[in-house]
Protein chains: 2
Amino acid sequence: MAKQVMKSSSRKEEGLRERKRRETLHRIAEQGLKLFLTRGYDATTLDAIAEAAGISRRTFFYYFKSKEEILLAWQDGGFSETLRAAVLEQTTKQSPLDAARNGLLELTARFPVDYKQTKVIERLMSANESLRIRQQAKYVEKEAAVFAALSQMWPQPHRQAALRVVAMMSVGALRLAMDSWNRDQGKRPLAVYVKEAFACLNREIGAGASRKAAGRSGE
Amino acid sequence: MAKQVMKSSSRKEEGLRERKRRETLHRIAEQGLKLFLTRGYDATTLDAIAEAAGISRRTFFYYFKSKEEILLAWQDGGFSETLRAAVLEQTTKQSPLDAARNGLLELTARFPVDYKQTKVIERLMSANESLRIRQQAKYVEKEAAVFAALSQMWPQPHRQAALRVVAMMSVGALRLAMDSWNRDQGKRPLAVYVKEAFACLNREIGAGASRKAAGRSGE
DNA sequence: TTGCAAAATTACACTAAGTGCAATACGTCG
DNA sequence: CGACGTATTGCACTTAGTGTAATTTTGCAA
């Protein structure tokens, strides 16, 4: 009863309203996932989810923009933001590619992703066309996040194109790493695959003794 | 009036049925695009498209799996297949990356993509969330096509991981090239941007004097 | 406590994509 | 012609998602 002095300007107190909101959000996500796992994604209607979560169908859309978002929220809890921060923490003494690589590596090493948790989502997503596609789109977001970080670290305009390439390669490596990780059923920690992918990347570029333009198609 | 002798057994004669089918398909795509351009994608209903194409709504789904497919058909007319073929035509004397690069380069150089044509589709696609996402997914297809070609050229199992990386980088380069091309309003031919992207790629890897693992996080 | 404003929740009605089904029209070929 | 398979259609139905307006809940201050 003594805290109402600072009212809305207090920064970290979240209040009852926000707590309820978070609870409801979580309940929807929880029940949604549960239903997806038992009945399958397509066979689960929003009506069913709403009922299981104890809300009306209309209210669902107050919390999620679409049915797909339930799974996306599970799969990718603001990873792009974290990624951006991880890259930004790197020193600019190294090359942009190394900065991206090490940021990615530290992130995956520090928060070892639980395979069993991931696998469940993975299975659901890969069984559905539009979900698979949405999943891919998330990598574009990640790429943008990495590029944003790199661009902040090396703001020179003439470097931007190169940084885009670096972001593309880094996130591409992450994607391939996750593919391998999934193919291996999560045998080894994700970070290992990331490291491998980057090593492979370095190897493949230097290789072939093709410094300038190889083949025909000269300019 | 004298050509109906050879009927169906002749390999390339397509007959009335097939011709009608192709015509209808084209008519739907044509009218669909026209309506999208005038009224906008979302505001154009399938009823409107069907009516404009002189078919029933139900018949539309006999030709296209979804509304989105109309635009996808315009944008990407079996490009993945062509890409795969172009890479396969390359010699295995060069490195996989160079093979992918040169295949891509020859393809974009030989069939110079008309910017004005592309731009129209581009604008429509980028104005719509789900279309943008579907567009991204097309790159995954392309990546698979390049990988398939490379994998056929270098079938050794221990190389597959590297080939995936190469496919990822190559198609990534293509994507960035198309982005630049769009950003530049198609000033220079697409092939130029592709070449630049690959050059950038080579440059960024060698750079930084970071041969092995830079930064901390080393093993 | 009361009252007010904003946020949350809901009901209702509506649009539009996409599917299943069964009937009908049409092209192909014997 | 006549039969077979493909194309076309109408109809009914499901479901995601939106607009709107009414209603309830919550935060806060007088």
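What pLDDT does chain A average, and what percentage of the residues score at least 70? In this predicted model, the average pLDDT of chain A is 87, and 87% of its residues score at least 70.

Confidence varies along the chain, so to speak, element by element and stretch by stretch. Among the elements of chain A, helix α3 (residues 57-63) has the highest mean pLDDT and helix α7 (residues 115-126) the lowest. Here are those two values side by side:

| Helix of chain A | Residues | Mean pLDDT |
|---|---|---|
| α3 | 57-63 | 98 (highest) |
| α7 | 115-126 | 91 (lowest) |

Two stretches of chain A call for some care. Residues 1-12 have a pLDDT below 50, and this stretch has zero contacts in the model beyond near neighbours in sequence. Residues 209-219 also have a pLDDT below 50, but here the model shows 16 contacts beyond near neighbours in sequence.

Now to a helix pair. The axes of helix α4 (residues 67-75) and helix α8 (residues 129-153) of chain A come within 11 Å and cross at roughly 45°. Because of that angle, α4(A) counts as oblique to α8(A). The crossing of the two helices is right-handed. On the α4(A) side, A:Glu68, A:Leu71, A:Leu72 and A:Gln75 take part, and they meet A:Ser130, A:Leu131, A:Arg134, A:Gln135 and A:Lys138 of α8(A).

Finally, a look at one residue. A:Asn102 sits in helix α6 (residues 96-110) of chain A. Its relative accessibility is 0%, so A:Asn102 counts as buried. The side chain of A:Asn102 also makes a polar contact, at 3.4 Å, with the side chain of A:Arg101.

Conventions:
Residues are numbered from 1 along each chain as its sequence is written. Chains are lettered from A and ligands numbered from 1 in the order in which they are written. This is a predicted model: local features need pLDDT of at least 70, side-chain atom pairs count only at pLDDT 80 or more; totals for chains, interfaces and linings use all residues. Side-chain values use heavy atoms; hydrogens and water are left out. Helices (H or I, at least four residues) and strands (E, at least two) are DSSP runs, numbered from the N terminus. Buried means under 20% relative accessible area, exposed over 50%, partly exposed in between (1.4 Å probe, protein chains only). A polar contact is a pair of N or O atoms within 3.5 Å; within protein, one must be able to donate a hydrogen and the other to accept it, and residues adjacent in sequence count only if both atoms are side-chain atoms. pLDDT is the predictor's confidence in each residue, from 0 to 100. Contact means heavy atoms within 4.5 Å. Axes are lines fitted to C-alpha atoms, for helices over the stretch in contact, and angles run from 0 to 180 degrees between N-to-C directions. Angles under 35 degrees count as roughly parallel, over 145 as roughly antiparallel, 65 to 115 as roughly perpendicular and the rest as oblique. A crossing is left-handed if the near helix is turned anticlockwise from the far one by less than a right angle, and right-handed if clockwise.
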